[in-house]
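User: I've got this one open in a viewer and would like a close look at one part of the sheet, with the partners on either side spelled out. Walk me through that, then carry on to whatever else is worth a look.

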Amino acid sequence: LKLAILEHKLAFLEMEQAWLADVISGIQQESEAASGAGQKGPGLLVLGGDLRDLHLPDLFYLILAGQHSGTLKVTDGAETRFLVFENGQPVKASYVRAGGARQMALTCDEVLASLCDLFCWRDGRFTFDQRVEDLASGIPLECSGEELILRGCRKVDNWAIIQRLVPSADTIFERGSSARAEHLALNPSEEQVLAEVDGVKSVATLARELDLTLFEASRICYCLAAIGLLHTADLDKILLRRVFREIAELMCRSTLAWRSSPDDRACEEEVNEQVERFPIRLEHGRIEDQINSQIETDELKEMYGFFLAQQYRVISRRFGRSNARDAFEQTLRQLGPELQDVAKRYGFD
């Protein structure tokens with residue numbers, strides 16, 4: 001299996017190397033031609049390839065993130081779509097059938113529906129030419145680049161396409177930039193999934209907790225990952241979050257026998273007061289972790305270590321040092337072997 005993975009990576013890198021060599025050659029030729037004609041500045045870039053080699057949402061997002069201007073042409077031999085970008089945003093579109101003149105959609109919604117069909121294509125070729133084509137007859141678009149990607153990804157109903165961004169049910173995601181979500185019309189299910197993603201729950205867990213099928217949860221994660229609202233979690237951070245959550249919640253549960261009543265939350269509230277400068281809280285024995293997913297692992301470890309130290313001190317003051325020590329030792333024994341190793345690695349033991 002390892003050999004198969006390495007051979008696949010090697011083949012992909014060789015293909016990418018050849019593609020980059022063609023790009024460099026094209027830029028140099030354009031530059032030389034421009035210099036010979038007495039023009040100034042570099043030549044304009046023309047990229048092309050096969051949809052089987054490049055994930056279409058990745059191409060759209062590349063144009064969007066780079067704020068590129070140009071004309072994207074996508075064809076499967078029978079139909080061709082044209083999409084004009086200005087500073088990374090789609091502004092006009094049209095399409096043509098094989099052997100026919102360029103067709104016009106009657107409304108913006110119709111041409112958007114035509115563009116969204118592209119996301120379901122598995123075969124075809126694309127060309128992105130920075131020489132913007134004059135589409136005098138093109139339909140103006142009232143849709144941002146991210147909204148177009150989101151709409152298109154929602155139409156995908158093929159596991160093979162979804163698995164490009166969601167490889168398995170065990171995949172764990174973290175939240176990306178929350179600012180983007182404010183400008184997108186997410187549906188209720190997408191909002192629920194985005195709210196529940198915490199860098200610990202897998203796609204299968206999200207599906208179970210939100211009463212979604214595995215396919216529905218996977219497609220939603222696919223859509224949100226395609227526009228950068230989610231990204232695959234770092235393995236070290238996954239284990240760090242998991243061991244912190246396990247220790248904090250088990251320690252909280254261990255105090256139930258000493259509280260005045262099962263509903264007594266004074267201990268939790270005192271812990272929350274001690275760590276109020278951090279976006280972490282205990283609520284009814286569960287950890288609510290709102291720490292930015294972009295934070296470095298070392299900084300995350302320091303915040304979690306501080307939280308656990310304060311929790312231990314509060315339990316010691318309220319219920320006695322001996323009880324706190326016994327509860328903590330029992331908590332460590334309850335961790336699985338892998339998490340015990342993680343606790344030692346980060347000094348939580």
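Analyst: Let's start with strand 2 (residues 70-75) and strand 6 (residues 125-129): these two run antiparallel, and five bridges join them. To find the register, look for leucine 72, which stands opposite phenylalanine 128 of strand 6. Keep in mind that you're looking at a predicted model.

Strand 2 has another antiparallel partner, strand 3 (residues 79-86), and here the count is six bridges. For the register on this side, take threonine 71, whose bridge partner in strand 3 is valine 84. Strands 2 and 3 make a hairpin with three residues between the strands. If you're checking backbone torsions, go to glycine 77 in that hairpin, where phi is positive, near 95 degrees.

Now follow a side chain from there. Arginine 81 has a side-chain polar contact with the side chain of serine 114, at 2.7 Å. Serine 114 sits in helix 3 (residues 108-116). Is serine 114 buried or exposed? Its relative accessible area is 10%, so serine 114 comes out as buried, given that the cut-off for buried is under 20%. Once you skip neighbours within four places in sequence, serine 114 is in contact with Arg81 and Tyr95.

A second hairpin makes a good companion to the one above. Strand 10 (residues 280-283) and strand 11 run antiparallel, joined by four bridges. In this pairing isoleucine 280 stands opposite aspartate 289 of strand 11. Two residues separate the strands of this hairpin, and histidine 284, in the turn, takes a positive phi of about 55 degrees.

Strand 11 (residues 286-289) has an alternating side-chain pattern. Ile287 and Asp289 point to one face and are buried. Arg286 and Glu288 point to the other face and are not buried.

What does the side chain of glutamate 249 reach? One of its polar atoms lies 2.9 Å from the backbone nitrogen of isoleucine 287. Leaving out neighbours within four places in sequence, glutamate 249 is in contact with Gly285, Arg286 and Ile287. Glutamate 249 counts as buried because its relative accessibility is 6%, and its place is in helix 10.

That brings us to how helix 10 packs. Two packed helices are described by the angle between their axes and the distance between the axes. For helix 10 (residues 235-254) and helix 14 (residues 337-345), the axes come within 9 Å and cross at roughly 95 degrees. So helix 10 is roughly perpendicular to helix 14. Helix 10 brings Asp236, Leu239, Leu240, Arg242, Val243, Glu246 and Ile247 to the contact, and helix 14 brings Glu338, Leu339, Val342, Ala343 and Arg345. Sorted by class, that contact holds seven nonpolar and five charged residues, with no polar ones.

Zooming out, the chain has 14 helices and eleven strands. Of its 349 residues, 44% count as buried. Take the contacts between residues at least 6 apart in sequence: 73% of these join residues at least 24 apart.

Key: Residues numbered from 1 in each chain as written. Predicted model: local features only at pLDDT ≥ 70, side-chain atom pairs only at ≥ 80, totals over all residues. Heavy atoms only, no water. Axes fitted to C-alpha atoms, helices over the stretch in contact; angles between N-to-C directions. Parallel < 35°, antiparallel > 145°, perpendicular 65-115°, else oblique. Contact = heavy atoms within 4.5 Å. Nonpolar A, V, L, I, M, F, W, Y, C, P; charged D, E, K, R; others polar. Buried < 20%, exposed > 50% of the residue type's maximum accessible area, 1.4 Å probe, protein only. Pairing = 2+ DSSP bridges. Polar contact = N/O pair within 3.5 Å; in protein donor to acceptor, adjacent residues only side chain to side chain.
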